[in-house]
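User: Please take a close look at the strands in this model. I would like to know how they are arranged into sheets and what lies against them.

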Amino acid sequence: MTKSWVYLLCAMAVCVCTACTPALNWREVRFDAGDVVVLMPCKPDQAVRNILLQSGQDALPASLQLQGCEASDLQFTLGQIALPAGVLPDVMLNAWQQASLTPLSVRTQDALTQPWALAGAVSAPQAVRSRVKTAALQVEFGWFMHGNKLYQVAMYGAAKTKSFDETADVYFSGIKLQ
């Protein structure tokens, strides 16, 4: 009888420990010496890429810094672009939005976009959040400017991910501009 109790207690301890293990381990993430702090639920990978964003007939060169990770079948990203000299913030931000939506086969005007009250963000261009849902994917984007840099935060998940809205609320509410 004592062995049975020991096995039962061990099994209960394993169940309790497993139930308490968080699926999303939130941590602060920022770019080197950055004023923008984002909570990500996993340790992000980092990359830097030189890109061209299209604005009408113009190709706008930029250096894109990215951080991103995947947890609980969701992907989280943070991107930063220093505003190139001579390019208006609105033009660059619109080009970045279009470049983000095009691979999803979504036009800018078809994304559910609304102003975003993000404390500390530059007021022009207006910070916005966009929601896109396709048959296979749902994405929540946020774009804003802080200092002389443009930022994009995004969260991607399968169209049927039930925890998407709640997780997006945590992710986007964890953004702090210093």
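Analyst: Val36 stands opposite Leu177 in strand 10. This is a predicted model, and the pair belongs to a contact between two strands: strand 2, residues 36-40, and strand 10 are joined in the antiparallel sense by 2 bridges. They are part of an open sheet of 3 strands, with the order 1-2-10 and antiparallel pairing. Strand 1 (27-29) and strand 10 (176-177) are its edge strands, each pairing on one side only. In general, the strands of a sheet pair through backbone hydrogen bonds, and the pairing may be parallel or antiparallel.

A further open sheet has 7 strands. Reading across, the order is 3-4-5-9-8-7-6, and the pairing is antiparallel. The edges are formed by strand 3 (45-55) and strand 6 (112-115), each of which pairs on one side only. On average, neighbouring strands of this sheet are turned by 20 degrees against each other, direction ignored.

Within this order, strand 8 is listed next to strand 7. Strand 7 covers residues 128-133 and strand 8 covers residues 137-146; the two run antiparallel and are joined by 6 bridges. One position to find there is Arg131, which stands opposite Glu140 in strand 8.

A helix also packs on this sheet: helix 3, made of residues 164-173. Helix 3 touches strand 5 (74-82), strand 7, strand 8 and strand 9 (149-158). The direction of helix 3 makes about 160 degrees with that of strand 9.

Note on methods. Residues numbered from 1 in each chain as written. Predicted model: local features only at pLDDT ≥ 70, side-chain atom pairs only at ≥ 80, totals over all residues. Heavy atoms only, no water. Pairing = 2+ DSSP bridges. Helix = DSSP H or I, 4+ residues; strand = E, 2+ residues; numbered from the N terminus. Axes fitted to C-alpha atoms, helices over the stretch in contact; angles between N-to-C directions. Contact = heavy atoms within 4.5 Å.
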